[in-house]
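Notebook open, coffee ready. I want to see what I can look up in this one, piece by piece.

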Number of protein chains: 2
Amino acid sequence: MIPNTVPVNQTPEEKFREYLSSRVKPQRFTEQQREMVRYIFGQHEHFDAEQLMGDMKAAGLVLSRATAYRTLAKLVDAGLLRRLLTGDKSRFEHDYGYPDHDHFHCMKCNKMIEFHLPEVERTLSELAREHGFVASRHNLIVHGTCDPCNQAKTPRRLLDLI
Amino acid sequence: MIPNTVPVNQTPEEKFREYLSSRVKPQRFTEQQREMVRYIFGQHEHFDAEQLMGDMKAAGLVLSRATAYRTLAKLVDAGLLRRLLTGDKSRFEHDYGYPDHDHFHCMKCNKMIEFHLPEVERTLSELAREHGFVASRHNLIVHGTCDPCNQAKTPRRLLDLI
DNA sequence: ATTCTTGCAAAGCCTTTGCAACTGC
DNA sequence: GCAGTTGCAAAGGCTTTGCAAGAAT
């Protein structure tokens with residue numbers, strides 16, 4: 001449904017280096033940052049800070065919580081990652097080298113299904129223009145339950161019984 | 001652009017009472033809850049928990065933080081309020097008696113501008129159906145800067161100078 | 001009377017930050 | 001060597017929760 005990639009002419013690592021060095025106040029590219037970028041772009045799941053640290057630790061890569069958060073913020077700012085607002089904590093996904101898309105979020109299994117609706121985006125930017133609003137990005141998540149979870153037909157839980 | 005209200009046949013207070021008494025385990029309607037419902041539906045701004053408590057206190061109505069949060073959760077569950085995910089904290093707005101809509105969120109002045117695009121909703125539910133996804137609600141926020149803030153033309157701040 | 005709600009303060013959770021040691025450039 | 005980065009632990013901001021006292025049904 002969504003093509004897997006968009007052609008890019010730099011690796012995520014290169015793009016990040018470029019971002020860092022182009023700052024008014026140049027920033028440094030460290031080993032921890034390199035490991036994070038490589039690990040993150042070596043897979044394609046949505047993740048949150050805690051998951052990332054856990055997975056990297058399991059892969060023998062260690063970094064402190066502080067560095068994880070600090071670097072994630074830079075990666076978002078650099079346009080390499082996109083931050084998703086799902087309610088509680090921040091979740092991240094690839095931005096660079098991956099087409100724009102929105103999500104279905106399954107409230108049962110927590111899975112995120114990507115989709116892309118160009119006409120919706122066109123409609124939105126048109127409306128924004130009419131309002132004199134300068135749109136920079138949007139966040140669209142449709143909450144519900146996914147097909148597998150619906151098929152499962154688990155007897156619904158009576159939340160009020162407690 | 002958006003009609004101000006949708007016809008409803010119960011006051012918010014009545015609807016909340018009904019919700020409370022229809023629970024498997026009936027809940028009680030207290031004075032603090034009544035004050036909250038009346039205060040909230042007596043105005044029409046978007047608000048967060050802290051603002052609500054501050055405003056109510058200024059109006060001579062007191063309630064504890066715990067009660068504010070607990071009641072807001074019930075009001076959302078009852079379909080009276082809608083919870084908006086703007087990133088940091090939860091913001092709320094009327095749901096009952098107010099048409100579905102989405103938002104432009106101004107990143108400079110924090111204002112939220114409402115809009116309603118039926119065709120977008122139609123497109124989304126169609127796509128959901130195709131995926132076997134059962135959608136229950138969605139959250140769409142377009143971030144950017146609003147017309148007044150754009151007109152203001154304040155010299156842009158060099159965030160990197162620090 | 002029973003059972004839910006309140007208020008307080010403490011704890012929880014995610015995220016940020018001060019500071020000394022460290023490292024990229 | 002200078003200036004930015006790391007790691008630790010502590011603090012921060014928003015939200016939830018345990019518990020005893022109070023209130024709704």
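I started with helix α4 (residues 65-77) of chain B, which lies across β1, β2 and β3 of chain B. I read its angle to β2(B) as about 105 degrees. Note to self on terms: helices (H or I, at least four residues) and strands (E, at least two) are DSSP runs, numbered from the N terminus. Contact means heavy atoms within 4.5 Å. Axes are lines fitted to C-alpha atoms, for helices over the stretch in contact, and angles run from 0 to 180 degrees between N-to-C directions.

Before going on, I wrote down the ground rules: this is a predicted model, where local features need pLDDT of at least 70 and side-chain atom pairs count only at pLDDT 80 or more, while totals for chains, interfaces and linings use all residues. Residues are numbered from 1 along each chain as its sequence is written, chains are lettered from A and ligands numbered from 1 in the order in which they are written, and side-chain values use heavy atoms, with hydrogens and water left out.

**The sheet under α4(B)**

In which order do the 3 strands of this chain B sheet sit? I found β1-β3-β2, an open sheet with antiparallel pairing. The edge strands are β1 (47-48) and β2 (81-85) of chain B, as each pairs on one side only. Two strands pair if DSSP finds at least two bridges between them. I checked β1(B) against β3 (residues 90-94) of chain B: 2 bridges join them, and they run antiparallel. Asp48(B) has Arg91(B) in β3(B) as its bridge partner.

**DNA strand C**

Next I went to the DNA. I got 22 residues around DNA strand C, and the closest are Arg28(A), Tyr69(A), Lys25(B), Arg28(B) and Lys74(B). A residue is near a molecule or strand if one of its heavy atoms lies within 4 Å of it. Which part of DNA strand C faces the protein, sugar or phosphate, or bases? Of its atoms within 4 Å of the protein, 68% belong to sugar or phosphate, and the rest to bases.

Then I looked up polar contacts (a pair of N or O atoms within 3.5 Å; within protein, one must be able to donate a hydrogen and the other to accept it, and residues adjacent in sequence count only if both atoms are side-chain atoms).
- Ser64(B) has a side-chain N or O atom 3.1 Å from a phosphate oxygen of DNA strand C.
- Lys89(A) puts a polar side-chain atom 3.5 Å from a phosphate oxygen of DNA strand C.
- Phe29(A) uses a polar backbone atom, 3.4 Å from a sugar or linking oxygen of DNA strand C.

At least two residues of this surface come from each of α4 (65-77) of chain A, α2 (31-41) of chain B and α4 of chain B. I sorted the surface residues into 6 nonpolar, 7 polar and 9 charged. For that split, Ala, Val, Leu, Ile, Met, Phe, Trp, Tyr, Cys and Pro count as nonpolar, Asp, Glu, Lys and Arg as charged, and the others, Gly among them, as polar.

**DNA strand D**

Now the other strand. Which residues come nearest to DNA strand D? Out of 21 residues around it, I noted Lys25(A), Arg28(A), Arg70(A), Lys74(A) and Tyr69(B). Sugar or phosphate makes up 66% of the atoms of DNA strand D within 4 Å of the protein.
- Tyr69(B) has a polar side-chain atom 2.5 Å from a phosphate oxygen of DNA strand D.
- Thr30(A) has a side-chain N or O atom 2.9 Å from a phosphate oxygen of DNA strand D.
- Gln32(A) has a polar side-chain atom 2.9 Å from a sugar or linking oxygen of DNA strand D.

Two or more residues of this surface come from each of α2 (31-41) of chain A, α4 of chain A and α4 of chain B. My tally here is 6 nonpolar, 7 polar and 8 charged.

**The sheet with strands from both chains**

I found another open sheet, with 6 strands in the order β5(A)-β4(A)-β6(A)-β6(B)-β4(B)-β5(B) and mixed pairing. Why is one side of β5 (112-115) of chain A, and of β5 (112-115) of chain B, without a neighbour in the sheet? Both stand at the edges, each with a single partner strand, so one side of each is left free of a neighbour there.

In chain B, 4 bridges join β4 (residues 102-106) to β6 (residues 134-145), and the two run parallel. Cys106(B) has Gly144(B) in β6(B) as its bridge partner.
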